[in-house]
Amino acid sequence: MAAHQVQRPPIGVHIGPGLTDDGELLDGGPLARAAEMDADGVQIFLTDPQSYKAPKPRPDADDLRASDVMVVVHAPYLLNVASTNNRIRIPSRKLLDQHAKAAAAVGAFGLVVHGGHVLAADDPAVGVDNWRKTFARQAEDGGFPLPLLIENTAGGGNAMARDLDAIARLFDAVGEFGAGVVLDTCHAWAAGWDLATAVADLKAVTGRLDLVHLNNSRDPHGSSRDRHAPVDGGEIPRELLVEVARAAGCPVVLETPGDAAAHAEEIAELRAALS
């Protein structure tokens, strides 16, 4: 538990799995990392994000569940339930179910998953329907055991969650199942959104906002490039990022580059700006 009095919104940092390849805690594990950075939360992977491996039980699961440090789990990047390719979509559905259960087992706030995409020759409506079927199939078994938080993405013409109109179509299909929303500021900037109105615009088409990935960008507005930068070290004005966090009024996770000392400084400065 961080020693400071927790402000709202809570501010966390992405730290990776927090485990060695042998399943041992790395650098004391996520809770030790949170204390080191004076963070209110951590975002972790449960497996290699570039694999289809099923997550294994964590040695610190009980401690994570019992802690008041916010835990967010990010699903693997390969997961794409929107795909029209059966060899991708079907394993992705299985993997999503496995990660949702494993994330619930560590008491996670939610499971972040990218919206995915279909191929250029495909109708995006098919991808939207594949998302709906994913939630509908899960609902037959009682639904996901924790909030599934769909994140906007930076590029791709047939992406399910790049543009606001695409996100609107997606949430028309999955909103009834309780799907949540993540706003990534670097992705939104890369996709050409107006960050000054991004929170209001996203809430207008989804009805909610559950989490902000507060990241600066190394690239110009509308570049479609997803390269994160420190809060004070990118193309997005720092004041604009602070205003996004303030307008969102929900938990924030930094996915910015830097070591523990740099993240501790970012957290302290953001806390001060939002107080």
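A residue is called buried here when its relative accessible area is under 20%, exposed when over 50%, and partly exposed in between. With that yardstick in hand, welcome to a quick tour of this predicted model. Asp-40 is a good place to begin: its relative accessible area is 5%, so this acidic residue counts as buried. The stops below cover its salt-bridge partner, some other charged pairs, two helices and a patch of negative charge.

**The Asp-40 and Arg-271 pair**
- Asp-40 and Arg-271 join their side chains in a salt bridge, at 3.2 Å from N to O.
- This pair ties together distant parts of the chain, with the two positions 231 residues apart: Asp-40 sits in the loop between helix H1 (30–37) and E2, while Arg-271 belongs to helix H9 (residues 260–274).
- Arg-271 is buried too, since its relative accessible area is 10%.
- Asp-38 also takes part here, in a salt-bridge network with Asp-40 and Arg-271.

**Other salt bridges**
- The count of salt bridges in the model comes to 14.
- Arg-208 and Asp-210 meet through their side chains at 2.8 Å, N to O.
- In that pair, Arg-208 is partly exposed at 29% relative accessible area, whereas Asp-210 is buried at 15%.
- Asp-219 and Arg-227 form another salt bridge, with their closest N and O atoms 2.7 Å apart.
- Here Asp-219 is buried, at 3% relative accessibility, and Arg-227 is partly exposed, at 27%.

**Inside helices H3 and H5**
- Ser-92, found in helix H3 (residues 86–105), has a relative accessible area of 0% and is therefore buried.
- Beyond its neighbours within four places in sequence, Ser-92 touches Tyr-52, Leu-78, Leu-79, Asn-80 and Val-81.
- Helix H5 (residues 164–174) has several buried residues, among them Ile-167, Leu-170, Phe-171 and Val-174.
- Ala-166, Ala-168 and Ala-173 of H5 are buried as well.
- The cover over the buried residues of H5 includes two helices, H4 (124–140) and H7 (198–206), along with strands E5 (148–151) and E6 (180–184).

**A negative patch on the surface**
- Asp-21, Asp-22, Glu-24 and Asp-48 together form a negative surface patch.
- Asp-48 comes from the loop that runs between strand E2 (41–44) and helix H2 (61–66).
- With a relative accessible area of 44%, Asp-48 is partly exposed.

Definitions and conventions: Residues are numbered from 1 along each chain as its sequence is written. This is a predicted model: local features need pLDDT of at least 70, side-chain atom pairs count only at pLDDT 80 or more; totals for chains, interfaces and linings use all residues. Side-chain values use heavy atoms; hydrogens and water are left out. Patches are made of residues with over 30% relative accessible area and no salt bridge: like charges are joined within 9 Å, nonpolar side chains (Val, Leu, Ile, Met, Phe, Trp, Tyr) within 5 Å. Accessible areas come from the Shrake-Rupley method with a 1.4 Å probe; for residues, only the protein chains shown count as cover. A salt bridge is a side-chain nitrogen of Lys or Arg within 4 Å of a carboxyl oxygen of Asp or Glu. Lys and Arg count as positive and Asp and Glu as negative; His and the chain ends are not counted. The place of a charge is taken as NZ of Lys, CZ of Arg, CG of Asp or CD of Glu. Helices (H or I, at least four residues) and strands (E, at least two) are DSSP runs, numbered from the N terminus. Buried means under 20% relative accessible area, exposed over 50%, partly exposed in between (1.4 Å probe, protein chains only). Contact means heavy atoms within 4.5 Å.
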